[in-house]
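Got your viewer open? Let's take a walk through this one, selecting as we go.

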Amino acid sequence: MAKQKSGAFKNIIVLFVVALISVSILAVLNQVTAEPIATAEANAKAAVYMNVYSDAADVVEIEDFDALLSGYTAANSDITINTALKAVDESGNTIGYVVDATSPNAYGGDIQIAIGITNDGEITAFSVIKANETPGLGAKSLEDEFASQFSGLSASEITFSKTGANHDNNEIDAISGATITTRAITEAVNEAISFYNSSLKGV
């Protein structure tokens, strides 16, 4: 009986040591991979920002962005403004802005987008940064055919149509079979526009 108890105790000790070693290895691996992953994500975002304002020589941080954001009253409290950057020409003059926003209301959860807006209040381009939408449906938001609709629209409220959009009325075509995704994207874009008009335009 004593030998059985001793054997069981040894097994518990062995399992504990194995678990401790496994946790330690995972912690080290997380530390090793965290920085490259963060760098890759930052580079991917930077590429999107340049893509939505391709006429810019660069997009740069707004020094007082935090103050601008804290003083901003959201038009839609569901939407998060993640960041905004200045689009500058080769001389460093501000020619517009890039605004990054997230809606939690897409079919697959969060959908993060970016738009470029000129000083004259025209959308240069739109792009999805991150999404988890259904292939063949909401995932079509990642395709150029959908994204290209935003170029040239006015930086004022955008709506969507299921029966054929009128570009002159600031409308886009909804993604067929993915109204929830379309609505979430439109919400995020409109909040980005609201932030531009309220906090960036004329600054």
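Before you click on anything, one term: a residue counts as buried when its relative accessible area is under 20%. By that yardstick, 36% of the 203 residues in the chain are buried. Keep in mind that you're looking at a predicted model.

**Get your bearings**

Switch to cartoon view and colour by secondary structure. You should find 4 helices and 7 strands. Going from the N terminus, the order of elements is α-β-α-β-β-β-β-α-β-β-α. As for how the chain folds back on itself, take the contacts between residues at least 6 apart in sequence: 54% of them join residues at least 24 apart.

**The largest nonpolar core**

Now select Phe126, Phe150, Val189, Phe195 and Leu200 and show their side chains. In the largest nonpolar core, which has 36 residues, these five touch the most other members. Several elements supply two or more residues each, among them α2 (65-70), β3 (94-106), β5 (123-130) and α4 (179-200). Which element gives the largest share of this core? That's α4, with 9 residues. In soluble globular proteins, nonpolar side chains tend to be buried together.

Zoom in on Phe150 next. Ignoring neighbours within four places in sequence, Phe150 has contacts with Ile123, Phe126, Ile158, Ile172, Ile185 and Val189. There's also a second, separate core of 11 residues, including Val48, Tyr49, Val59 and Leu85.

**Follow the strands**

Val59 is a handy stepping stone, as Val59 sits opposite Ala87 in β2. Strand β1 (residues 58-61) pairs with β2 in the antiparallel sense, over 4 bridges. Carry on to β3: β2 and β3 also run antiparallel, joined by 8 bridges. To see one of the pairings, pick Ala84 and look across to Val99, its bridge partner in β3. Then go to the turn of this hairpin, where 5 residues lie between the strands, and click Gly92, which takes a positive phi near 85°.

**Two asparagines**

Select Asn190, in helix α4. Its C-alpha is 8.8 Å from that of Asn76, although the two are 114 residues apart in sequence. Beyond residues up to four places away, Asn190 touches Ser156, Glu157 and Ile158.

Hop over to Asn170, in the loop between β6 (159-161) and β7 (171-173). Is Asn170 buried or exposed? With a relative accessible area of 8%, Asn170 is buried, because the cut-off is under 20%. Apart from residues up to four places away in sequence, Asn170 touches Leu153, Ser154, Ser156, Glu157, Ile158 and Thr159.

**A lysine on the long way round**

Next up is Lys45, in helix α1 (residues 2-52). Lys45 is partly exposed, with a relative accessible area of 30%. Leaving out neighbours within four places in sequence, Lys45 has contacts with Gln112 and Ile129. Try a distance to Lys130 as well: the two C-alpha atoms are separated by 9.4 Å, with their positions 85 residues apart along the chain.

**Last stop: the largest pocket**

Finish by selecting Lys140, Glu143, Glu145, Phe146, Gln149, Asp173, Ala174, Ile175 and Ser176, and turn on a surface. These residues line the largest pocket, which holds about 160 Å³ of space. What is the lining made of, in terms of nonpolar, polar and charged residues? The split is 3 nonpolar, 2 polar and 4 charged.

Methods: Residues are numbered from 1 along each chain as its sequence is written. This is a predicted model: local features need pLDDT of at least 70, side-chain atom pairs count only at pLDDT 80 or more; totals for chains, interfaces and linings use all residues. Side-chain values use heavy atoms; hydrogens and water are left out. A nonpolar core is a set of buried Ala, Val, Leu, Ile, Met, Phe, Trp, Tyr and Cys residues joined through side-chain atoms within 4.5 Å. Buried means under 20% relative accessible area, exposed over 50%, partly exposed in between (1.4 Å probe, protein chains only). Contact means heavy atoms within 4.5 Å. On a 1 Å grid over the protein atoms alone, a cavity is a set of points where a 1.4 Å probe fits but cannot get out, and a pocket is an open set with protein on both sides within 12 Å along at least five of seven lines; lining residues have an atom within 4 Å of a point. Grid points are joined across faces, edges and corners, and a volume is the space filled by probe spheres set on the points. Ala, Val, Leu, Ile, Met, Phe, Trp, Tyr, Cys and Pro count as nonpolar, Asp, Glu, Lys and Arg as charged, and the others, Gly among them, as polar. Two strands pair if DSSP finds at least two bridges between them.
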